[in-house]
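Got your viewer open and a coffee within reach? Load the model below, switch on the cartoon, and keep the selection box handy.

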Amino acid sequence: VQDDRSAVHEIDKELTADGKNRLILHDSQGFESGENRNLQLVLDFIKRRSESEQPALAMRLHAIWYVMQ
């Protein structure tokens, strides 16, 4: 956890919570005011994981968890 800056993660790299792939997370690195690059990466990721772009149900995005302080 870092309070002063975003950690570096690749949104396409899967993080599994239990090692059994029951819960797969993708870290967006967070958002900073006025910063557009990461926002575009997240929007592209969401589009790639949409029903129209991804026919395989297991590869689709099923939920978005947005945390604010």
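Here is a short walk through the model, one selection at a time.

**Stop 1: the whole chain**

Before you click on anything, bear in mind that this is a predicted model. Start with the cartoon of the protein chain, where you should find one helix and two strands. Follow the chain along its sequence and the order reads β-β-α. How much of the chain is buried? Buried residues make up 10% of the 69 residues. As for contacts with a separation of 6 or more, 14% of them are between residues 24 or more positions apart.

**Stop 2: the helix**

Now select 37-48, which is α1. This helix has twelve residues, and from its first C-alpha to its last it reaches 17 Å. That is close to the 16 Å expected at 1.5 Å a residue.

Show the side chains of Asn38, Val42 and Phe45, which are buried in α1. Why do they belong together? They cover an arc of only 60° around the axis, so they sit on the same side of α1. Turn the model to the other side of α1 and pick out Arg37 and Lys47, which are exposed.

While you are here, click on Leu39, another residue in helix α1. Buried or exposed, or something in between? Leu39 has a relative accessible area of 35%, so it counts as partly exposed. Try drawing a distance from Leu39 to Ser28, C-alpha to C-alpha: you should get 8.5 Å in space, for a pair eleven residues apart in sequence.

**Stop 3: the salt bridges**

Side chains of opposite charge can pair when their charged atoms come close. How many salt bridges does a search of the whole structure find? It turns up two.

For one of them, select Asp12 and Arg48, where the closest N and O atoms are 2.6 Å apart. This pair links distant parts of the chain, 36 residues apart: Asp12 is in the segment before β1 (15-16), while Arg48 is in helix α1. Both partners are partly exposed, Asp12 with a relative accessible area of 45% and Arg48 with 37%.

Stay on Asp12 and show what is around it. Leaving aside neighbours within four places in sequence, Asp12 is in contact with His26, Phe45 and Arg48. Phe45 is one of the buried residues you met in α1. For another distance to draw, go from Asp12 to Leu25: their C-alpha atoms are separated by 9.5 Å, and the two are 13 residues apart along the chain.

Next, select Glu53 and Lys47, whose side chains meet in a salt bridge at 3.5 Å, N to O. Glu53 has 43% relative accessibility, so it counts as partly exposed. Lys47 is exposed, as you saw on the helix.

**Stop 4: Arg49**

For the last stop, move on to Arg49, in the segment after α1. What is there for a buried arginine to pair with? Arg49 is buried yet has no salt bridge. The nearest side chain of opposite charge is Glu14, and it is 4.3 Å away. A salt bridge here needs the nitrogen and the carboxyl oxygen within 4 Å, so Arg49 and Glu14 do not make one.

What does the side chain of Arg49 reach instead? Show the backbone of Met59: the Arg49 side chain reaches the Met59 backbone oxygen at 3.0 Å. To see the surroundings, select Glu14, His26, Gln54, Met59, Arg60 and Leu61, which Arg49 touches when residues up to four places away in sequence are not counted. You have come across His26 already, in contact with Asp12.

Key
Residues numbered from 1 in each chain as written. Predicted model: local features only at pLDDT ≥ 70, side-chain atom pairs only at ≥ 80, totals over all residues. Heavy atoms only, no water. Helix = DSSP H or I, 4+ residues; strand = E, 2+ residues; numbered from the N terminus. Buried < 20%, exposed > 50% of the residue type's maximum accessible area, 1.4 Å probe, protein only. Lys, Arg positive; Asp, Glu negative; His and termini not counted. Polar contact = N/O pair within 3.5 Å; in protein donor to acceptor, adjacent residues only side chain to side chain. Contact = heavy atoms within 4.5 Å. Expected span 1.5 Å × (residues − 1). Arc of directions from axis to C-beta.
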